[in-house]
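Hi,

Here's the structure I promised to send over. Have a look at it first, and my notes on the aromatic residues and the surface follow underneath.

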Amino acid sequence: MRKLYIFFVVLMSGFAVAQETLPIYQQYLLDGQFLLNPAHYGETDDVVINGNYQKQFSKLSESPNVQSIGIHANVFDRVGAGISFFRDQNGPISSNGISAGAAYFIPLSDDGERKDQFSFGTNVNFYNMSFDYGALNPQDPNDPLLYEGNNNIFIVYANLGLQATYKNFFAGASIVDIPLTNDIPVVNGIEPSPTKYILNLGYNYILTEGFSLEPSVLVNLNTNSSKLVDFNILAKVYNDTNLFAAGVSFRTANDNVGSQQLSLSPIIKAKINKFTFGATYNMGMSDIQSYGGNSFMLSIGYNFDNFINSRGYRYR
């Protein structure tokens, strides 16, 4: 009975993931904000490379996993640009996406360190999902549903975003997964991902020189009338070149059926000169985790000196 339960959970999880592009975990807390909001392209003077690996249901041998990697930089005056790739493998379901776009920045002060700025950006996501029927073991291998030829889905999405930082406050809003093709709700059994509306707000409260607390909240709404809310707190110790942070993220969900607490996730991250690293462990708060296990995410990155725009960011 337990194996049957696990199979049902994983199967339902697979079909749920098949309806979205890049799943949202804690990438935005591990230097991957640009993956969820294109307004972050080129937000610093460096060329930033960031990669993430997410593993779900760690007790299962073929559990879902997501990989993403992206690069972004200030490329001309106040213009930033970026490109990213992700792959989401979930049993017989494989999803891939390539996003590319740009952002424009407006300085809100003359501090010379780009701490106070506003930006808006957009990108296009070329998304493909495939279903490997060969990975199935059907009771009737001659079932005509296995040979309909609908094992690939290709949809082009647009994403829009804006963000601002000012006097240690930061906020952002993005509209993600706006379908540009196959935009009718269901065509030949193909349904685009629900459009997401992502809002975040936080404040970096400096307690003393080199030590601060950063509370923040992220709200993820979508056109399927469901809502995810993350409550985050990070404690940071830093100097001019290095940073270490530790904290926790608490996720809740709400839809037409009801509300529930999904996970509690300890987080650590560090920056040593140009090298960045982060990790989070998602401790599930439902019965599913007792069978399938918890999940974790690892992040690694590097900030190169800007060899693309040697003139630097233009303040005036």
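A charge counts as sitting over a ring if NZ of Lys or CZ of Arg is within 6 Å of the ring centre and within 35 degrees of the ring normal. Keep in mind that this is a predicted model. Arg-114 fits that rule with two rings: its charged end sits over Phe-105, 4.9 Å from the ring centre, and over the ring of Tyr-313, 4.0 Å from the centre.

On to rings meeting rings. I get 9 aromatic pairs. One of them is Phe-86 with Tyr-127, a stacked pair at 6.4 Å centre to centre with 20° between the planes. That pair links distant parts of the chain, with Phe-86 in strand β3 and Tyr-127 in strand β5, 41 residues apart. Phe-86 and Tyr-127 are both buried, and together with Tyr-157 they form one aromatic cluster.

Tyr-203 and Tyr-205 have ring centres 6.2 Å apart and planes at 40°, so that pair is tilted. Tyr-203 is partly exposed at 27% relative accessible area, and Tyr-205 is partly exposed too, at 46%.

Now the surface. There's a nonpolar patch with about 930 Å² of accessible area together, whose members include Phe-244, Ile-268, Phe-275 and Tyr-302. Strands β14 and β15 are the elements giving two or more residues to the patch, and β15 has the largest share, 4 residues. Tyr-302 lies in β15 and counts as partly exposed, at 35% relative accessibility.

Cheers

Definitions and conventions. Residues numbered from 1 in each chain as written. Predicted model: local features only at pLDDT ≥ 70, side-chain atom pairs only at ≥ 80, totals over all residues. Heavy atoms only, no water. Patch = residues over 30% accessible without salt bridge, like charges linked within 9 Å, V, L, I, M, F, W, Y side chains within 5 Å. Areas by Shrake-Rupley, 256 points an atom, 1.4 Å probe, with all protein chains shown as cover. Salt bridge = Lys/Arg side-chain N within 4 Å of Asp/Glu carboxyl O. Buried < 20%, exposed > 50% of the residue type's maximum accessible area, 1.4 Å probe, protein only. Phe/Tyr/Trp six-rings, centres within 6.5 Å; stacked < 30°, edge-to-face > 60°.
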